[in-house]
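Welcome! Please take a moment to look over the protein shown here, and then we will walk through it together, one part at a time.

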Amino acid sequence: MTGQVGRMKVIDGKYEVLRELSAGGMVTLSEVRAAEGVTRHVAWFAVSTPADRQVFHAYRTALRALEPAGLTDVVARPGAYYAVWKPVAGQPLAATLEQKVRPQETVDAVQALAARLAEQGYALADAEVVVEDQAAQVAYLTPLNAPRTPEDIAARNAQTLAPLQKGRVRRRREPGAWLTFVPGLLLLGGAAYLGSQAVSIYLNPPVRDVVSVTGQEAKVAARALTDAGFRVEYTQGQAGGRAIGSVIRQDPAGGTKLPVGRLVTLTVNNPPAIEVPRLEEMNLDQARDALKDRNMLIGKVLKVDGTLSNTAEGRVIAQLPEAGSSAQRGQAVQLLISTGVSGKETWLPELTGLTYEQARAHARAAGLVVTSVERQPSDKPENSVLEQSPAPYVRVTVGSPVKLTVASARYSAPSRPAGDLPLPPAYVPPVPEEPAAPAEPVTPEPTEPTPDSAPVTPDSVPALPETPEAPATPEIPPSDAAARTVTFEYVFPADLPDGNYAILVRDADGERVVRSAAPAETLANQRASGAIPVRGDAVFIIRRDGVDYATVTP
């Protein structure tokens, strides 16, 4: 975290940069002036990824273990990761090693420091070591992206300590030193033991038990592992019933023996986001059930006066997070619950004919709650209000329940496509029977005129009775109108107007029904087809409420 004061660069608001000493990788070493006017060196870490943060935490762990003499402060917070160093008086290690005669105490101190550095994955060359009063101290430790291997440390330390093989070691002599002959042997034996231990550390790093961190918060788990000398890497996963950000598993498992500096992978619970349900106007139990379906919880519940919002007692006025926003599984939702509307009456307007959503909005505006909805088959538009209680314009107390009766279709649409609509067999008219011919009228025979009879004149001849005509024979369809079978197919549109639809066929035999009338809601977006026997030319008619709607020519 840097800023500008005039033209001067400032680190973390308190270290004025004098000059930049070095820059490598993610670390920049600068010479700064502190607030008290003293000169310090600041190693600034440009942390931008979790891997960068892990490098810094490993570096900080090594500093805590080594306790360098030049370290004055280590800062680790979001946006600011750095270490502050001060100058340390003493002779550089390289100059000490180049001396022809070196005190034994100095040699032991350097070897002990090398062993301590090796435990943290560093070589002597990675540190600025000064020798003061035969004590080796760390004035500055160079950050590493990853701890060195034991083989690499041993090779680098052997090169750094090569001058120890030259020259000689001066042992301090005091009066009566001959009395210290035996303790001297013991000291040499201890030095040899320490040397062997150092070599063993170089070649075989110490092995420790991996700490079990399953169930812990990710940062706490990572700190426990890095303090034990292990490196940590995160991966994401999900598990029900676990807190978000907690460790659901680790690899290797807890209790496994592992060399210091090895990697431990932590799987952190991070489930996908879910949508927060709408809880307004629900009571507390209903809200709890709605959240339980999405693995969420009820958080803090506050009770407030519901007069301004006209919200009935015990109902949700508002929620946080809001409905429709994204949240994590297991997240709590805070609720505002109404304590009711005191000393106020209200009434409902005429709701009949409105949709259920419109009626519910009217009830809420009036400070009432729809608690019961009853469905009743009706010819009215589906989901429209048929009856209401309380009745229109009757004054009731705010918060009273409202009961609505809404219309439902008399015929329910099929839950799955019904396929082709079956057609009844074609109508075949009966063959008319030919009526029997009437009997011939009997003509009375003429009688001989008697002598006494008067002469017959033309004007006096009586008229003969009229012969009745034979009844007309029904007309038989012409023989050229041959019977045949045609294929009928018709798809009713999805936006079929309301009404009852029948299918008829008109051919040489006349007009007849092939499918009886059915309501539009059962036919919309359906296909009617079938093989229909006809005679002569035929045309199919789709008739809506007795009026032709469409015609189909096969």
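In which helix do Asp152 and Arg156 both lie, and how many residues apart are they? Keep that in mind as we begin, and remember throughout that this is a predicted model. The two residues sit in helix H4, which covers residues 150-160. They are four residues apart, about one turn of the helix. Asp152 and Arg156 form a salt bridge, and their closest N and O atoms are 3.0 Å apart. How open are these two partners to the surroundings? Asp152 has a relative accessible area of 26%, so it counts as partly exposed. Arg156 is partly exposed as well, with a value of 32%.

Now let us step back to see the whole protein. It is built with nine helices and 33 strands. The protein has 554 residues, and 34% of them count as buried. Its accessible surface comes to about 33,800 Å², and carbon and sulfur atoms account for 53% of that area. Contacts tell us something about how the sequence is folded together. If we take contacts between residues at least 6 apart in sequence, 66% of them join residues at least 24 apart.

The salt bridge in helix H4 has company, for the structure holds 21 salt bridges. Another one pairs Lys403 with Glu374, with 3.9 Å between the closest N and O atoms. Here the partners come from two strands: Lys403 belongs to strand S27 and Glu374 to strand S24 (residues 369-377), so this pair ties together parts that are 29 residues apart in sequence. Lys403 is partly exposed, because its relative accessibility is 41%. Glu374 is also partly exposed, at 39%.

While we are in strand S27, which spans residues 401-408, have a look at Thr405, which is placed there too. Is Thr405 buried or exposed? With a relative accessible area of 7%, Thr405 is buried, since buried means under 20%. What does Thr405 touch, leaving aside its neighbours within four places in sequence? Its contacts are Glu374, Gln376, Ser384, Val385, Leu386 and Glu387. You have already met one of these residues, Glu374, as the salt-bridge partner of Lys403.

Further along the sequence, Asp548 forms a salt bridge with Arg543, and the closest N and O atoms are 2.8 Å apart. The two partners fall into separate classes of exposure: Asp548 is partly exposed, with a relative accessible area of 44%, whereas Arg543 counts as buried, at 17% relative accessibility. Salt bridges can also share partners. In this model, such sharing joins Arg278, Glu280, Glu281, Glu357, Arg360 and Arg364 into one network.

Let us finish on the surface. Which residues gather there in a patch of positive charge? They are Arg53, Arg64, Lys219 and Arg223. The elements giving two or more residues to this positive patch are helix H1 (50-66) and helix H6 (218-227). Arg223 has its place in helix H6. This residue is partly exposed, with a relative accessible area of 42%. Its class fits its place in the patch, because patches are made of residues with over 30% relative accessible area and no salt bridge.

Notes. Residues are numbered from 1 along each chain as its sequence is written. This is a predicted model: local features need pLDDT of at least 70, side-chain atom pairs count only at pLDDT 80 or more; totals for chains, interfaces and linings use all residues. Side-chain values use heavy atoms; hydrogens and water are left out. Patches are made of residues with over 30% relative accessible area and no salt bridge: like charges are joined within 9 Å, nonpolar side chains (Val, Leu, Ile, Met, Phe, Trp, Tyr) within 5 Å. Accessible areas come from the Shrake-Rupley method with a 1.4 Å probe; for residues, only the protein chains shown count as cover. A salt bridge is a side-chain nitrogen of Lys or Arg within 4 Å of a carboxyl oxygen of Asp or Glu. Lys and Arg count as positive and Asp and Glu as negative; His and the chain ends are not counted. The place of a charge is taken as NZ of Lys, CZ of Arg, CG of Asp or CD of Glu. Buried means under 20% relative accessible area, exposed over 50%, partly exposed in between (1.4 Å probe, protein chains only). Contact means heavy atoms within 4.5 Å.
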